[in-house]
Structures are given as structure tokens and as C-alpha cells.
Amino acid sequence: MIYCVEDERNIRELLVYTLGTTGFQAKGLSDGKELFTALEDEIPELILLDIMLPGDDGYAILEKLKKEHRTRDIPIIMVTAKEAEYDKVRGLDGGADDYITKPFGMMEFISRVRAVLRRSRRQTQDKILRCENLSVNVDRHEVMDGQRRVELTLKEFEMLRYLMENQGIVLSRDRLLEHIWGYDFDGETRTVDVHIRTLRQKLGDCGNLIETIRGVGYRIGDGR
């Protein structure tokens, strides 16, 4: 998923369409408010961020993204008409991964998107997710409760990883079913409750980090 934050509708729709025709999922957002609302539901692999936006400009949004635990590692490409070297340096020094100046060709645009995603994936190799004493090494499929290694089944690991990647977000049972078991899984939401129960038992004291949100689903951590 790629979020395109652009207030000009024609440009926003063109970017989303181009990304869609080249194999990406993309969502168009008109300003920072819409972006942060979308981030409550899903963390994207990349954000395309215009600078000249209503409300908070791209620089202010970039600063907020880099300060938040859940969003600071999202790759960001600044997409703007500002050509001055100062503007580019300001964006890159603020944490942006690339800077594309309008107007630009769609082939170059897609190439830059792919390049940033490749760099990002290399940097996240051996990625470790942490919440208090609990740590998850994504690539090694290793879970540690402090100094104790925790053995999990594949589904338990995937569920814990998904919760850890979305710290502070309440994930519904239906959403967990869809993400872990896929659209074709014909089970019921009780499957999620069973896996959460065994996951808590295996995690020992760290199992208390998984919070039940009555009538909705589950959450781990506060996202900070």
C-alpha cells in the first residue's frame, strides 16, 4: 500500500492510477488530516508527500511522521513543484528518502518509487519489533521474552508480528482473520480468540501486553 498525499485532485488521481497499473495498491489523500486518519487503520509501505498542502505543509507532516513510533520508519518521497536546492535539502535532512520535482515523467516516477522500496526492504532485514521486554525478530522468526526464547507456531508468530507492527491500534477479530488466514478462510472469529489465548500463555508475563478490547478485538502497546 502506498499513500499519495496531494491536494490537487488531477495529480492525485494520476499518481494513484499509475501506481495501480504497475502493480501497486495506492490510496489518494488530500491533506495531512486525511493521512493521519488513514494511518490509524493501516501503515503503508511508502508515502508520497506533497509540500504545498492546506493546513500543515509537507515539512510539518514529515516532522510529525518521524517523531511517532509507528510511522517513523515509513519511507517518504517528497513530490513537489519546489525546485530550490534549499527545499530539497530541507526535505532530505528532515528524513525524506527521495525528492521528485514536478513535472516528471511517469516512468521515472515509478522507477524512483521502486528504488526507495528496494532500499527500505534491505534496511529492514533482520528487523526487530519491540514492546517493553518482548521482542520479535521478523526475519529469524525469533521471539524473546526478555532473555527467554519463546517457541510459537507459524500462525501465532504471524499474529504477534501483526500486533507488534501496529502497536497502539485496536485490530478487530475480522481484520486479524483476514490478514492471518486470508480471504478464503471459512472459520469464525473464535479462531482468533483461541490463538490469542495460547499466545498469551506462551509469552508468560509478556502475555499481559496483549489487551482485549471488549466487543472489538485486540491491541498491544500504546503506539508511542
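A: A residue counts as buried when its relative accessible area is under 20%, as exposed when it is over 50%, and as partly exposed in between. Let's try that on the structure above, which is a predicted model. Arg 148 has a relative accessibility of 38%, so this residue counts as partly exposed.

Q: Is Asp 145 buried or exposed?
A: Asp 145 has a relative accessible area of 15%, so it is buried. The side chains of Asp 145 and Arg 148 meet in a salt bridge, with 3.1 Å from N to O. One partner of this pair is therefore buried, while the other, Arg 148, is partly exposed.

Q: What can side chains of opposite charge do?
A: Side chains of opposite charge can pair when their charged atoms come close. In this model the count comes to 15 salt bridges. Another of them joins Glu 151 to Arg 149, where the closest N and O atoms are 3.6 Å apart. Glu 151 has 56% relative accessibility and so counts as exposed, whereas Arg 149, with a relative accessible area of 46%, is partly exposed.

Q: Which residue forms a salt bridge with Arg 173?
A: The partner is Asp 193, and the closest N and O atoms of the two are 2.8 Å apart. Arg 173 sits in helix α7 and Asp 193 in helix α8, so the pair ties together parts that are 20 residues apart in sequence. Arg 173 is also a buried residue, with a relative accessible area of 18%.

Q: Which residues are linked in a network of salt bridges?
A: Glu 6, Asp 50 and Lys 102 are linked in this way. Let's look at Glu 6 in more detail. Glu 6 is found in the loop between β1 (2-5) and α1 (9-21). Its relative accessible area is 2%, so Glu 6 is buried. Leaving aside neighbours within four places in sequence, Glu 6 is in contact with Ile 11, Arg 12, Leu 29, Ser 30, Asp 50, Leu 53 and Lys 102. The network partners Asp 50 and Lys 102 appear in that list.

Q: How many positive and negative side chains does the protein chain have?
A: The protein chain has 35 positive and 41 negative side chains. The centres of the two sets lie 2 Å apart.

Q: How many helices and strands does the protein chain have?
A: There are eight helices and 12 strands. To picture the overall extent, follow the C-alpha trace: along its principal axes it spans about 55 × 40 × 30 Å. Of the 224 residues in the protein chain, 44% are buried. The accessible surface is about 12,400 Å², and 45% of that belongs to carbon and sulfur atoms.

Q: Which residues have the most contacts inside the largest nonpolar core?
A: They are Leu 134, Val 143, Leu 160, Leu 203 and Ile 220, in a core of 29 residues. Several elements each supply at least two residues of this core: β6 (128-131), β7 (134-137), α6 (154-165), α7 (173-181), α8 (190-203) and β12 (217-220). The largest share, six residues, comes from α6. Apart from this core lies another, of 20 residues, including Tyr 59, Ile 61, Ile 76 and Tyr 99.

Q: Which residues does Val 143 touch, not counting those up to four places away in sequence?
A: Val 143 touches ten you can find in the structure view, among them Leu 134, Val 136, Phe 157, Leu 160 and Leu 203. Its neighbours also include Arg 148 and Arg 149, which you met in the salt bridges with Asp 145 and Glu 151.

Q: Where is Thr 71 found?
A: Thr 71 lies in the loop between α3 (58-67) and β4 (76-80). With a relative accessible area of 3%, Thr 71 is buried. Beyond its neighbours within four places in sequence, Thr 71 is in contact with Leu 39, Ile 43, Lys 64 and Leu 65. Thr 71 and Asn 166 are 95 residues apart along the chain, and their C-alpha atoms are separated by 9.8 Å.

Q: Is Ser 120 buried or exposed?
A: Ser 120 has 15% relative accessibility, so it counts as buried. This residue is found in helix α5, which covers residues 106-123.

Terms used: Residues are numbered from 1 along each chain as its sequence is written. This is a predicted model: local features need pLDDT of at least 70, side-chain atom pairs count only at pLDDT 80 or more; totals for chains, interfaces and linings use all residues. Side-chain values use heavy atoms; hydrogens and water are left out. Helices (H or I, at least four residues) and strands (E, at least two) are DSSP runs, numbered from the N terminus. Buried means under 20% relative accessible area, exposed over 50%, partly exposed in between (1.4 Å probe, protein chains only). Accessible areas come from the Shrake-Rupley method with a 1.4 Å probe; for residues, only the protein chains shown count as cover. Lys and Arg count as positive and Asp and Glu as negative; His and the chain ends are not counted. The place of a charge is taken as NZ of Lys, CZ of Arg, CG of Asp or CD of Glu. A nonpolar core is a set of buried Ala, Val, Leu, Ile, Met, Phe, Trp, Tyr and Cys residues joined through side-chain atoms within 4.5 Å. Contact means heavy atoms within 4.5 Å. A salt bridge is a side-chain nitrogen of Lys or Arg within 4 Å of a carboxyl oxygen of Asp or Glu.
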